[in-house]
Amino acid sequence: MRRSHEPVAWSLFGAGGMLLAFIGPGLVLTTALLPWLAADDPQATHAAIGALLAHPLGKLLVLACVALPLFHTLHRIYHGLHDLHLPAPRLPLQLLCYGGATLLSAVTGWWLLQV
Amino acid sequence: MTETVTVRVQRYRPEEDTAPWEQSFEVPYSEDLSILDALNQIKDQQDPTLSHRWSCRMAICGSCGVMVNNEPKLSCKTFLRDYREQAAVTVRALDNFPIERDLVSDISGFIDHLETVQPWLIRSEEQPVSAGAYPQTPEQMQRYAAFSQCINCGLCYAACPQFGRDPAFLGPGALALAQRYNLDSRDEGAAQRMQWLNAGEGVWSCTFVGYCSEVCPKDVDPAAAINRGKVASDINYAVNLLNILRGKDDA
Ligand code: SF4
Ligand code: FES
């Protein structure tokens with residue numbers, strides 16, 4: 001039997017799931033809800049987020065928060081489609097799911113380097 | 001008049017049937033009648049040609065697995081009284097295995113997978129009998145105790161959709177048993193068992209459906225065993241990658 005390379009996908013899936021579970025709710029709260037509900041100075045909030053994105057560690061954090069959940073979700077969708085007996089060969093589906101996650105992560109990384 | 005229950009039994013006699021079919025029997029009902037008792041009643045009193053497997057009658061031997069109303073069950077541990085609300089009880093051979101005859105399925109694929117993972121204590125050097133037993137603390141035993149309860153009944157294989165689609169998948173029972181030995185402090189065979197866990201047909205065919213753990217009559221929780229196997233295989237993958245980077249051979 002040959003060694004499977006699934007550990008690569010599974011590690012990204014696991015890391016994404018862990019990240020979502022631990023800091024997902026906090027992220028939604030601080031970036032989406034609080035600025036609308038609590039902050040009386042939207043421009044200050046905007047500047048604060050801008051400062052976060054300007055710092056290399058901030059960029060890394062945002063990249064992790066976008067890329068890992070992408071891999072998590074598309075991994076689950078890929079296996080979910082298999083479980084639903086989608087009559088499609090595996091390779092194009094893999095390209096679509098993992099390729100899609102890689103592409104979107106790369107675009108995010110590129111965009112983060114621009115700001 | 002005594003109350004009876006309708007039991008619909010799958011029949012398949014390869015020498016005369018081209019496909020399995022269903023035969024209905026009326027069995028006298030009693031509170032303590034198991035599905036196995038009902039099948040034995042049918043065989044003894046109504047149709048001696050019925051074939052089904054059983055031995056211990058107490059959920060130990062693991063040979064009486066059948067599908068009862070579409071669920072994998074040990075027929076000796078399943079009682080007619082729990083199906084009183086339903087019009088009939090349907091019994092057929094375990095799913096995901098070829099049928100040999102009537103309720104007897106050919107589980108040799110499962111047995112082969114069990115042998116593949118080398119489910120015995122592997123020592124690099126056996127100590128002589130005169131040295132006595134290999135000691136183990138209760139804590140060390142707890143690490144694998146649940147996984148050692150398996151009676152090789154195959155119910156988890158009948159429940160597993162991945163095994164149903166690809167019989168090469170080692171499956172819940174065999175992977176739980178591999179974990180049982182890998183976690184045993186007296187065992188030194190984890191390294192050689194990892195190759196089976198690492199394969200696509202090993203832990204990585206599992207998509208964590210979890211039905212295997214639901215149907216297991218011994219609470220082995222094979223789904224948890226496989227998930228722990230995934231963590232072990234993941235670490236093994238990373239270590240192997242590091243070794244390749246350091247110039248060693250791909251293991
Ligand atoms: S793990 Fe449970 S269901 Fe599977 S063979 Fe063992 S006892 Fe039966
Ligand atoms: S007859 Fe032995 S387990 Fe049911």
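The following exchange concerns a sheet and two pockets in a predicted model.

User: Which strands stand at the edges of the open sheet of chain B?

Analyst: The sheet has five strands in the order β2-β1-β5-β3-β4, with mixed pairing. Two of its strands have a single partner each, so one side of each is left without a neighbour in the sheet. These edge strands are β2 (21-28) and β4 (71-74) of chain B.

User: Which residue stands opposite V9(B) in β5(B)?

Analyst: Strand β1 (residues 4-11) of chain B pairs with strand β5 (residues 89-92) of chain B in the parallel sense, over three bridges. Opposite V9(B) in β5(B) stands V91(B).

User: Which residues lie closest to the centre of the largest pocket?

Analyst: This pocket holds about 440 Å³ of space. Elements giving two or more residues to its lining are α1 (6-37), α3 (56-83) and α4 (90-114) of chain A, together with α5 (161-165) of chain B. Of the 22 lining residues, the closest to the centre are E6(A), H79(A), R90(A), Q94(A) and W204(B).

User: Between which domains of chain B does the second largest pocket lie, and why?

Analyst: The second largest pocket has about 200 Å³ of space, and its lining includes E71(B), L155(B) and Y211(B). Both domains give residues to this lining, so the pocket lies between domain 1 (4-105) and domain 2 (108-250) of chain B.

User: Which element gives the largest share of the lining of the second largest pocket?

Analyst: Two elements of chain B, β4 and α8 (211-215), give two or more residues to this lining. The largest share, four residues, comes from β4(B).

Definitions and conventions. Residues are numbered from 1 along each chain as its sequence is written. Chains are lettered from A and ligands numbered from 1 in the order in which they are written. This is a predicted model: local features need pLDDT of at least 70, side-chain atom pairs count only at pLDDT 80 or more; totals for chains, interfaces and linings use all residues. Side-chain values use heavy atoms; hydrogens and water are left out. Two strands pair if DSSP finds at least two bridges between them. On a 1 Å grid over the protein atoms alone, a cavity is a set of points where a 1.4 Å probe fits but cannot get out, and a pocket is an open set with protein on both sides within 12 Å along at least five of seven lines; lining residues have an atom within 4 Å of a point. Grid points are joined across faces, edges and corners, and a volume is the space filled by probe spheres set on the points. Domain bounds come from an automatic or database domain assignment.
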